[in-house]
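Trainee: I would like to learn how to read a structure such as this one, feature by feature. Could we look at it together and begin with its empty spaces?

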Amino acid sequence: AAAPREDRFLVCPNGACGIVLPVPSKSTQTLTPFRHTCPICNFQVISVMNAQTRKDHRLCPYCFNHPPRDLHPEKAELRCFQCAHPLCGLAGGRGGAP
């Protein structure tokens, strides 16, 4: 059975910026800060750990919701392992896989 979903968001504590970003919402996923800054948008990357599958991956909360169209014109959501940024050590999609 699929894990239930919980609506989860990252909210900027600076009231002036007004940024609210949805993040992965499976109840089996734990989100933690990851010590890396996205070279595309300068947001802090987060680590997503799935307790059910024991797999983890990284994502930039901004690029997850707003994939860079120059690198990924067809994506609605983007995780680091899918990204093709040429200078990011977390980008896993540099081999031509969108």
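Mentor: We need a rule for classes to start with: Ala, Val, Leu, Ile, Met, Phe, Trp, Tyr, Cys and Pro count as nonpolar, Asp, Glu, Lys and Arg as charged, and the others, Gly among them, as polar. Please keep in mind as we go that this is a predicted model. With that rule, the lining of the largest cavity divides into 13 nonpolar residues, two polar and one charged.

Trainee: How does one find such a space, and how many cavities of 30 Å³ or more does a search of the whole structure find?

Mentor: The general idea is that rolling a probe the size of a water molecule over the atoms shows where empty space is left. Here the search of the whole structure finds one cavity of 30 Å³ or more, and the volume of the largest cavity is about 110 Å³. Its lining is made of 16 residues, of which Cys 38, Cys 60, Cys 63, Cys 80 and Cys 83 are the closest to the centre.

Trainee: Which residues make up the largest nonpolar core?

Mentor: A nonpolar core is a set of buried residues of certain nonpolar types, joined through side-chain atoms within 4.5 Å. In this structure the largest one has nine residues, namely Cys 38, Val 45, Cys 60, Cys 63, Leu 78, Cys 80, Cys 83, Cys 88 and Ala 91. Another core, of five residues, lies apart from it and has Ile 46, Val 48, Leu 59 and Phe 64 among its members.

Trainee: Where is Ile 46 found, and is Ile 46 buried or exposed?

Mentor: Ile 46 is found in strand β4. The cut-off for buried is under 20% relative accessible area, so Ile 46, with a value of 10%, is buried. Leaving aside neighbours within four places in sequence, Ile 46 is in contact with Val 23, Leu 31, Thr 32, Pro 33, Phe 34, His 57, Arg 58 and Leu 59. One of these partners shows how sequence and space can be read side by side: Ile 46 and Arg 58 are twelve residues apart in sequence, while their C-alpha atoms are 5.7 Å apart in space.

Trainee: Which residues line the largest pocket?

Mentor: Ile 46 is again on the list, together with Leu 10, Val 11, Cys 12, Pro 13, Cys 17, Ile 19, Leu 21, Phe 43, Gln 44 and Pro 61. The elements that give two or more residues to this lining are β1, covering residues 9-11, and β4. The largest pocket has a volume of about 180 Å³, and by class its lining has ten nonpolar residues, one polar and no charged ones.

Trainee: How should I read a backbone angle, and what is the phi of Asn 42?

Mentor: As a general guide, most residues other than glycine have a negative phi. Asn 42 has a positive phi of about 70° although it is not a glycine, and Arg 54 likewise has a positive value, near 60°. Asn 42 sits in the loop between β3 and β4, whereas Arg 54 sits in the loop between β4 and β5. With a relative accessible area of 60%, Asn 42 is exposed, and Arg 54 also counts as exposed, at 70%.

Trainee: What should I look for around a buried polar side chain, and which backbone nitrogen lies 3.2 Å from a polar atom of the side chain of Asn 50?

Mentor: It helps to take burial and polar partners together. Asn 50, found in strand β4, is buried at a relative accessible area of 11%, and a polar atom of its side chain lies 3.2 Å from the backbone nitrogen of Thr 53. Beyond four places in sequence, Asn 50 is in contact with Thr 28, Gln 29 and Lys 55.

Trainee: Where is the place of His 85, and is His 85 buried or exposed?

Mentor: His 85 lies in the segment after α1 and is buried, with a relative accessible area of 13%. A polar atom of the His 85 side chain lies 3.1 Å from the backbone nitrogen of Leu 87, and the backbone nitrogen of Cys 88 is 3.4 Å from a polar atom of that side chain.

Key: Residues are numbered from 1 along each chain as its sequence is written. This is a predicted model: local features need pLDDT of at least 70, side-chain atom pairs count only at pLDDT 80 or more; totals for chains, interfaces and linings use all residues. Side-chain values use heavy atoms; hydrogens and water are left out. Helices (H or I, at least four residues) and strands (E, at least two) are DSSP runs, numbered from the N terminus. Buried means under 20% relative accessible area, exposed over 50%, partly exposed in between (1.4 Å probe, protein chains only). A polar contact is a pair of N or O atoms within 3.5 Å; within protein, one must be able to donate a hydrogen and the other to accept it, and residues adjacent in sequence count only if both atoms are side-chain atoms. Contact means heavy atoms within 4.5 Å. On a 1 Å grid over the protein atoms alone, a cavity is a set of points where a 1.4 Å probe fits but cannot get out, and a pocket is an open set with protein on both sides within 12 Å along at least five of seven lines; lining residues have an atom within 4 Å of a point. Grid points are joined across faces, edges and corners, and a volume is the space filled by probe spheres set on the points.
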